Amino acid sequence: MPVAENSDVKTYFPWLTKKHHNYRGTIQLLRKGRNWYIAIPIQVSSALNQEVNVQAYTPIGVDLGLRHLAVLSEPISGKRQFFSGKEVGYIRRHFRSLRRSLGKKKAQRAIERIGQKETRWMKDYNRKLAKNMIDFALQFDRPLIKMEALDDIRQTAKSMKKADRTIHSWAFYQLKQFIKERAVKHNIPVVDINPFKTSQTCFVCRHVEKDNRHRGAFQCKNCGRKTHADLNAANNIATSTSLAE
Ligand SMILES: [Zn+2]
């Protein structure tokens, strides 16, 4: 029996409900009128677990970052799609300058409202982005999405101010959640990849060197191949066999 919380059905211990993603998959205790229910979640599709037979799928590498929010690549066909981070950067700066213009203490309420507006905008944007990414994946036969485990994004964002970093890792976490949720709807499995050196490794000759990558550009010190750094990473992710724990 699917359970939805509404005015009749009340969930007890709300931190156990699916609104709190970390606890998804836990038993829920609910009350409807005089009756009490226990909801036991079952996972209908095994799409999210990593026991998928990866060989039977067309792997699509997803590189998430700041220059590009996402680069998707299917290395066999060579098809790829870049999702720019420009719009998000622009909107962030816009909201930040709005907050600044309001001064410090006197406009605290207004500043909070702007913060909420930004959060809503980001959520909406992430939802659309996840949809477009899944649409890209759907052009392939039996697509499989591979993404890096989240830790690497914090690394990418190391140079940023602490507050910006927090917003970023939160936004990326949300984006990954939306991608996973949407993928499940279309029966597309998603696997997390160990992010170890995916951005420093040459996709063609497998040579690993930090200097292979220079900002957005990738040029292999061994074979000389030049390509886009995020695309090179997406290709490595697509072909990676190192699943994250
Ligand atoms: Zn190379």
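**Exercise 1. Describe the hairpin formed by β4 and β5, and find a bridge pair in it.**

Step 1. β4 (58-64) and β5 (68-74) form a hairpin with three residues between them. Strands here are DSSP E runs of at least two residues and helices are H or I runs of at least four, numbered from the N terminus.

Step 2. The two strands run antiparallel and are joined by four bridges. Strands count as paired if DSSP finds at least two bridges between them.

Step 3. One bridge pair is L64 with A70 in β5.

This is a predicted model: local features need pLDDT of at least 70, side-chain atom pairs count only at pLDDT 80 or more, and totals for chains, interfaces and linings use all residues. Residues are numbered from 1 along each chain as its sequence is written.

**Exercise 2. Place β4 in its sheet, and state which strands stand at the edges.**

Step 1. β4 also pairs with β7, in the parallel sense, over five bridges. In β7, P59 stands opposite L144, and V62 stands opposite M147.

Step 2. The strand order is β6-β5-β4-β7-β8, in an open sheet of five strands with mixed pairing.

Step 3. β6 (79-84) and β8 are the edge strands; each has a single partner strand, so one side of each lacks a neighbour in the sheet.

Step 4. On average, neighbouring strands of this sheet are turned by 20 degrees against each other, direction ignored.

Step 5. α5 lies across β4, β5, β6, β7 and β8, and runs at about 140 degrees to β4. Such angles run from 0 to 180 degrees between N-to-C directions, with axes fitted to C-alpha atoms, for helices over the stretch in contact.

**Exercise 3. Is K146 buried or exposed? List what K146 touches.**

Step 1. K146 is found in strand β7 (residues 143-148).

Step 2. K146 has 24 C-beta neighbours inside 10 Å, so K146 counts as buried. The cut-offs: buried means 20 or more other C-beta atoms within 10 Å, exposed means 12 or fewer, partly exposed lies in between, and C-beta atoms are placed from the backbone.

Step 3. Setting aside residues up to four places away in sequence, K146 touches P59, I60, G61, V62, V191, I193, I237, A238 and S240. A contact is a pair of C-beta atoms, placed from the backbone, within 7 Å.

Step 4. N236 is 90 residues from K146 along the chain, and their C-alpha atoms are separated by 10.0 Å.

**Exercise 4. Identify the residues with the most contacts inside the largest nonpolar core, and the elements that build this core.**

Step 1. The core has 30 residues. A nonpolar core is a set of buried Ala, Val, Leu, Ile, Met, Phe, Trp, Tyr and Cys residues joined through C-beta atoms within 7 Å.

Step 2. V62, L72, M133, I145 and A234 have the most contacts inside this core.

Step 3. Elements giving two or more residues to this core are β4, β5, α2 (108-137), β7, α4 (162-185), β8 (190-193) and α5 (229-239). α5 gives the most, with six residues.

Step 4. Check V62. Apart from neighbours within four places in sequence, V62 contacts A70, L72, M133, I145, K146, M147, A234 and I237.

Step 5. Check the burial of two elements. In β4, six of the seven residues are buried. In α2, the buried residues include N126, M133 and F136.

**Exercise 5. Test whether the length of α2 agrees with its residue count.**

Step 1. The expected span is 1.5 Å times one less than the number of residues.

Step 2. For the 30 residues of α2, this gives 44 Å.

Step 3. The end C-alpha atoms of α2 are 43 Å apart, which agrees.

**Exercise 6. Locate R142 and K197, two non-glycine residues with positive phi, and give their exposure.**

Step 1. R142 has phi of about 45 degrees and is found in the loop between α2 and β7. R142 is exposed, with 11 other C-beta atoms within 10 Å.

Step 2. K197 has phi of about 60 degrees and is found in the loop between β8 and β9 (213-214). K197 counts as partly exposed, with 14 C-beta neighbours inside 10 Å.

**Exercise 7. State the confidence of the model, and name the stretches 17-25 and 43-50 with their contacts.**

Step 1. The chain has a mean pLDDT of 80, and 73% of its residues reach 70 or more. pLDDT is the predictor's confidence in each residue, from 0 to 100.

Step 2. Residues 17-25 have pLDDT below 50, with nine contacts in the model beyond near neighbours in sequence. Residues 43-50 also have pLDDT below 50, with 14 such contacts.

Step 3. Where pLDDT is low, predicted coordinates should not be read in detail.

How values were computed. Two residues are in contact if their C-beta atoms, placed from the backbone, lie within 7 Å.
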